[in-house]
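Got the viewer open? Here's a short walk through a few spots, with what to select at each one.

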Amino acid sequence: MCIFIDDNTSTFVAGFTHNIMKKIALLIILAIQASVFHSSAQSIDLSGEWSFAIDPDDVGVREKWYNKSLTGKIRLPGSLQEQGYGEDIDTETKWTGAIIDSSWFKSPAYSAYRRKGNIKIPFWLQPDKHYVGVAWYQREIYIPESWEGKHVEFELERTHWETTLYVNSKEVGKSNALHAPHRYVIDRTGKLLLTVRVDNRVHIPVGINAHSISDHTQTNWNGIVGDIRLSARSAFRIDDVRVYPDIENRKATVKIAFAGKSTVKNANLTLCIKNNKNSRTIESASAISTDKDTVILNIDIGDDMLTWSEYEPNLYTLNVNLRSSEGTDTRQLIFGMREIKACGTRIHINGIPVFLRGTLECAIFPLTGYPPTDTAYWQKIYRRCKEYGLNHVRFHSWCPPEVAFDVADREGIYLQVECGGWAWVGDGKPQDQWFYDESERIVKEYGNHPSFCMMLYGNEPHGSNHTEYLSGFVRYWKAKDRRRLYAGGAGWPYIPEADYWNTPEPRIQQWGAGLNSIINFQPPRTDYDFQKIIQPKPMPTVSHEIGQWCVYPDFREIPEYTGVLKAKNFEIFRETLAAHHLGDLAGKFLYASGRLQTLCYKADIEAALRTSGFGGFQLLDLHDFPGQGTALVGVLNPFWNAKDYVDDREYRMFCNRTVPLARMHKLIWTDRETFKATLEVSHFDRQPLRQATVEWEIADKSKTILASGQTVRDLPINNCIPVAEIAFDLSSVTKPAQLTLTVRIASADAVNRWNFWVYPETDRETAGRQPYFTTDCQDAIEHAGNGENVLYCIPQGALKADRGGDIKVGFSSIFWNTAWTRKQAPHTLGIYCDPEHPVFAAFPNEGHSDYQWWEIVTGSSAMVMDRFPPEFRPLVHIIDDWFTNRKLGLLFETKVGKGKMIVCSADLSGNPDERRAALRFRRSIEEYMASGRFNPAMEIDAAIIKDMLNPPTETGNPPTEKGNSPIER
């Protein structure tokens, strides 16, 4: 539709006309590329070769470099680092970003990587060059005389960080925006010398770890990226256009602000709206006075209004045309008819409850070191998110460029944008005002995008007055612009004035929880949720940075780092793994730890989906975070590519619009019990499902179905939707079994599954001689030396510190990474074994950690086996932290003297009623040892085994268990 207004009307309702064909010519003229605020005025593209000089001593202003011809050459857009400028990396490099673990600078383990020519840093991706300081960029231009009297604007889409513009010998101005274009007015024509001084030092303390500036992520780059252009516009021009959708009344309020002066009294203003499915126009023209500052219009969108959401990302293009005898000024922008509100503890989009399933984008750009401004890059990110069941992206302590919003609009992704901070706020320091200024710039530049749904100052604030400061920030923006939701800081604090609470509390592993978290301290179950955490808060809760579960490095990535950043950290890890004679196991460690990582994310996400009234979650992360110590927390790598141990289809089973869920109070059962589970559904789609058929089945590993059923249920838009109580008598399971519960909703293309285990309560007697069992090393060696088969279990606390006694083993994967958490437990990445080995014949497993390993791993020790022969391998590996890459074992077999021995560092004794899986594991070992297949290939000197242990006086003489008697059951 096209709408024309006169000077006497600030608010009116426009109708539609059917005279579409008559307006085709006008629409073609106005329909330029669909991106925000592109001008129809003349412009000159200034990308290409520029003259250039680095100013490390910051003498350029004093020496008037803007009056000199710079001799270096560089291409813009781009950064100086990616073009080979800057300093080589060494031990004196001054990084932007905190260094929690200083071991690289002093540890003998890293001495080889501190030598010139072999500098390799283990804690983040390493740039080829590093530079923090001033650089000068210069170019001769010609502004035609026909531009005389026009508003001539020089635009730099994104720089890092502060710029100063000189035209010939005159300083024109400065800008310190991080996330919005730097724009300067040039008031002369003819041949000119443009000189831009770019300073990437941290003058505003937004926080050295903020992803807007830190080396941990995008790098603290120096340069200019995106569009670099000159534009000529009318003196009286459009300064700003903001669109405020009104879904209920099918209207949009358009607020247009003007700037500049005109020599004429009147101008014509034309508005044209077109959606992405059809277009309608209306012709009318009137004059407005050029002394106006602002015009506000109410536009009737009509009964066929199309709304924007993740389900149907319908968009409208608005062209605003200001015409006078002095010329024409045009603005084009994209908007969507979208309304986001907090309704109780839910977030609603256009009146429909949504559940935010989000991940972080932490400014991770391995090839460029700065945010890409091309469409293809952002399409890959958002489409990958949707493939993995996500609908939301949080930009951690930064704001992306224009194209990221544009693509999110088209893909239907809800964005949380932050103003660049991870800082101390509220004490009146410069950053306090800067965050307000930056938020204004961000909203002016990107505020019409329907994908721009949430805004915060930044991440995890600090300061004695930060709550008061952020409360004011929220109040300010809620009063000014209700097109999005506001909260104070990501993580904290709780602010009653906020629209939602972004908190780390609802997750299964807290920072600092170590082995006391739900997943490490409590036996496996799937019936917990976060209801008690969110219940007291009268607003939506969106959990902050859930997950942070690590996986072993994928060394196949190394050749992919062909740009400004290199994976020197991965090179270190690969070399140390090979030095411990385990290089051939890298792929197996990746897969096994990846399956554990997937299990942990499934537990985190399903707990969120089981929580009534929950607002959503933000993962840290769907893809790896390669900084802050190297945090390999993604099922995708930094290039947003899969790592082969879980695909998008499996991930969507537990992370999607519709997810079947099962509450089970335990996952280890006996054949004398009845398996029970409560089935429910989380359903957040565009509409309810009527009469949905929910099917379930229990099957064994051969896919034989042992039990099944179905129920028909209406599924409203909600979670915790009760479906069925199921029960299955397990008496028919006569031998140890891994069973799988699968739940399907065909009409929603939804399926989910869980493994559980059944062990017979009474075992048959082991054929052959029962092995001798002991927890005393000397006793084990003596019996083995006399020709017996011995199962020796090392008591907890018996290992020397450097033989594994200081390694904290948990069931879960490593949280974030040990370097940046000061060795938070657990220190390991689960287990790896060959499930086809006969020692596991009566202990069903798939070669990696699953819940049947919980009782075995919990409370166990990791045996450091680096002093064993290089070719010696344990039967069960514990996968070590990639920073140390030691050969760790949980179970190994060896010949000792005339006999044979299996050594285990897990507790295989205790109450069989409470530790069924551990006792089944012991039984499987004993059956193997009593069989003819027990024939260890190698012999380990008994002294090596004894050398792993503390002297008895240091362990307090732990109680021992000895004898041949079978386990009581």
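Before you start clicking, keep in mind that this is a predicted model.

**Stop 1: the sheet 14-15-18**

Select residues 237-246 and 294-300. These are strand 14 and strand 18, the edge strands of their sheet, and each pairs on one side only. Add strand 15, residues 251-259, and you have an open sheet of 3 strands in the order 14-15-18, with antiparallel pairing. Neighbouring strands here are turned by 20° against each other on average, ignoring direction.

Now look at the seam between strand 14 and strand 15: 9 bridges join them. To find one pair, click R237, then look for its bridge partner in strand 15, which is A259.

**Stop 2: the sheet 21-22-23**

Move on to another open, antiparallel sheet of 3 strands, in the order 21-22-23. Select 340-343 for strand 21 and 352-354 for strand 23: these stand at the edges with a single partner strand each, so one side of each has no neighbour in the sheet. In this sheet, the average turn between neighbouring strands is 45°, direction ignored.

Next, pick residues 346-349, which are strand 22; 3 bridges hold the antiparallel pairing with strand 23. One pair to click on: I347 has V354 as its bridge partner in strand 23.

**Stop 3: helix 4**

Select 402-411. Is helix 4 buried or exposed? Of its 10 residues, 9 are buried, so helix 4 is largely enclosed by the rest of the structure. The buried ones are E402, V403, A404, F405, D406, V407, A408, D409 and E411.

To see what surrounds them, show strand 8 (151-160), strand 20 (327-335), helix 3 (375-387), strand 26 (414-421), helix 5 (430-446) and strand 27 (452-458); the buried residues of helix 4 pack against these elements. Before leaving, click G412, just after helix 4: its phi is positive, at about 80°.

**Stop 4: helix 5 against helix 6**

Keep helix 5 on screen and add helix 6, residues 466-480; their axes come within 12 Å and cross at roughly 25°. With that angle under 35 degrees, the two helices are therefore roughly parallel to each other. The crossing is right-handed.

Show side chains for the contact. From helix 5, take Q431, D432, F435, Y436, S439, E440 and V443; from helix 6, take Y469, G472, F473, Y476, W477 and K480. What mix of residues makes up the contact of helix 5 with helix 6? Colour by type and you get 7 nonpolar, 3 polar and 3 charged.

Terms used
Residues are numbered from 1 along each chain as its sequence is written. This is a predicted model: local features need pLDDT of at least 70, side-chain atom pairs count only at pLDDT 80 or more; totals for chains, interfaces and linings use all residues. Side-chain values use heavy atoms; hydrogens and water are left out. Two strands pair if DSSP finds at least two bridges between them. Helices (H or I, at least four residues) and strands (E, at least two) are DSSP runs, numbered from the N terminus. Axes are lines fitted to C-alpha atoms, for helices over the stretch in contact, and angles run from 0 to 180 degrees between N-to-C directions. Buried means under 20% relative accessible area, exposed over 50%, partly exposed in between (1.4 Å probe, protein chains only). Contact means heavy atoms within 4.5 Å. Angles under 35 degrees count as roughly parallel, over 145 as roughly antiparallel, 65 to 115 as roughly perpendicular and the rest as oblique. A crossing is left-handed if the near helix is turned anticlockwise from the far one by less than a right angle, and right-handed if clockwise. Ala, Val, Leu, Ile, Met, Phe, Trp, Tyr, Cys and Pro count as nonpolar, Asp, Glu, Lys and Arg as charged, and the others, Gly among them, as polar.
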